[in-house]
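Here is a quick tour of one protein model, written for someone who likes to check things against the coordinates. Have the viewer open as you read.

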Amino acid sequence: MSELVEVNGLVFKRTKFKEADLLAKIMTKELGIVTVIARGALNPKSKLGAGVLTFSDGKYVIVTNKRGISTLRTYKAVKQYDLLYSDLKRNAYAAYLFDLLDHAFVEYQVLGDYYDLLKFAVKRLNAGADPEIITQMVQLKMLKAYGVAPHLADCVICGRKQGIFDYSLTYGGVLCQQHFHQDPHRLHLEAKTTALIRTLGLLPYQRLGETQIDPKLTEASRKAIDRIYRETVDLNLKTQKFLEELRSLDGH
Ligand SMILES: [Zn+2]
């Protein structure tokens, strides 16, 4: 049965539908990912249009039966993330993170902590934080949503917590130096790269500081994380390809 509900949400994707209608995907706190139709939103006189720009954040009043396409009635207190509009690269990072979320959950599946994680990421991207660090943190935490949480807390073999570590795809986690021989195909990362991956994966996102990290190091950790994704999830996302193209323009 359809009901009228108000949800807290963030629009992360929109597509034109018919003459002047829009389909918008909204990440909501209450109902998970929801697709809504905004009828007439592309009409210049429509009041709905402004609330369903990509990365609009606010309260949405929708008619829903908690499956399929819901209908957007109105919205309140919607704000935009300005920097995500003006900065193509930050926009691309955010689009990729939401694509990751979108593939990890089915519609109307409640997102729990991932809702807050993504909100945090968007806010930090919009505030000018290092997009690589934010993105890699979300990537690492999102692996759990795909059912392949990496084992980062201690050596998968002996439980050692401190020292020099490398990452093993075979074991799905980190190996301490004493157990490197257990996997000749380990990623052969520099110790500081594995250390950064462990920190980003283990640190509660709220505690992520503003520390400057050497771009060479974040490039190395990104390559390792992308490889973990390729070998465990294999998504082949257009948003990620686009991000790679933007990076290659910068020579990374
Ligand atoms: Zn060990």
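What follows goes from the domains to the core, then to a helix pair and a few single residues.

## Two domains and where they meet

Keep in mind that this is a predicted model. The domain assignment splits the protein into domain 1, covering 3-80, and domain 2, covering 84-249. Measuring from C-alpha atoms is not needed here by hand: the centres of the two domains come out 30 Å apart.

How many residues of domain 1 are in contact with domain 2? There are 15 of them, and they meet 16 residues of domain 2. On the domain 1 side, the elements that supply two or more residues are strands S1 (3-17), S2 (21-28) and S3 (32-38). S3 brings the largest share, with 4 residues. By residue class, that side of domain 1 holds 7 nonpolar, 3 polar and 5 charged residues.

## The main nonpolar core

In soluble globular proteins, nonpolar side chains tend to end up buried together. In this model, the largest nonpolar core takes in 64 residues. If you want to find its best-connected members, look for Met27, Ala94, Leu97 and Leu118, which have the most contacts inside the core. Helix H2, spanning residues 88-104, is the top contributor, giving 9 residues.

So where does this core sit relative to the domains? Both domain 1 (3-80) and domain 2 (84-249) give residues to the core, so it lies between them. Leu118 is a handy residue to click on: leaving aside residues up to four places away in sequence, Leu118 touches Met27, Leu97, Phe98 and Leu101.

## H2 against H4

Next up is a helix pair. H2 packs with helix H4 (residues 131-142) at an angle of about 5°, and the two axes are 11 Å apart. With an angle like that, H2 counts as roughly parallel to H4, because anything under 35 degrees falls in that class.

From H2, the contact is made by Lys89, Arg90, Tyr93, Tyr96, Leu97, Leu100, Leu101 and Ala104, while H4 puts in Pro131, Thr135, Val138, Gln139 and Met142. Sorted by class, the residues of this contact are 9 nonpolar, 2 polar and 2 charged.

Is Gln139 buried or exposed? This H4 residue counts as buried, because it has 23 C-beta neighbours inside 10 Å. Setting aside residues up to four places away in sequence, Gln139 touches Leu100, Ile225 and Tyr229. His179 is another matter: it is 40 residues from Gln139 along the chain, and their C-alpha atoms are separated by 26 Å.

## Two residues with positive phi

If you plan to look at backbone torsions, there are two residues to pull up. Ala77 has a phi near 45°, a positive value in a residue other than glycine. Ala77 is located in strand S5, residues 69-80, and it counts as exposed because it has 9 C-beta neighbours inside 10 Å.

His188 is not a glycine either, yet its phi is positive, at about 55°. You'll find His188 in the loop between strand S7 (173-176) and helix H5 (191-202). With 11 other C-beta atoms within 10 Å, His188 is exposed.

## Val148 and Cys176

Val148 is in the loop that runs between H4 and strand S6 (165-168). Its count of 14 C-beta neighbours inside 10 Å makes Val148 partly exposed. What does Val148 touch, not counting residues up to four places away in sequence? The contacts are Leu143, Gly172, Thr232 and Val233. Val148 and Val233 are 85 residues apart along the chain, and their C-alpha atoms are separated by 8.0 Å.

Cys176 belongs to strand S7. It has 20 other C-beta atoms within 10 Å, and a residue is buried at 20 or more, so Cys176 is buried. Beyond residues up to four places away in sequence, Cys176 touches Cys155, Cys158, Arg160, Gly163 and Phe165. As for Gln162, it lies 14 residues from Cys176 along the chain, with 8.1 Å between their C-alpha atoms.

How values were computed: Residues are numbered from 1 along each chain as its sequence is written. This is a predicted model: local features need pLDDT of at least 70, side-chain atom pairs count only at pLDDT 80 or more; totals for chains, interfaces and linings use all residues. Domain bounds come from an automatic or database domain assignment. Two residues are in contact if their C-beta atoms, placed from the backbone, lie within 7 Å. Ala, Val, Leu, Ile, Met, Phe, Trp, Tyr, Cys and Pro count as nonpolar, Asp, Glu, Lys and Arg as charged, and the others, Gly among them, as polar. A nonpolar core is a set of buried Ala, Val, Leu, Ile, Met, Phe, Trp, Tyr and Cys residues joined through C-beta atoms within 7 Å. A residue is buried if 20 or more other C-beta atoms lie within 10 Å of its own, exposed if 12 or fewer, and partly exposed in between; C-beta atoms are placed from the backbone. Axes are lines fitted to C-alpha atoms, for helices over the stretch in contact, and angles run from 0 to 180 degrees between N-to-C directions. Angles under 35 degrees count as roughly parallel, over 145 as roughly antiparallel, 65 to 115 as roughly perpendicular and the rest as oblique.
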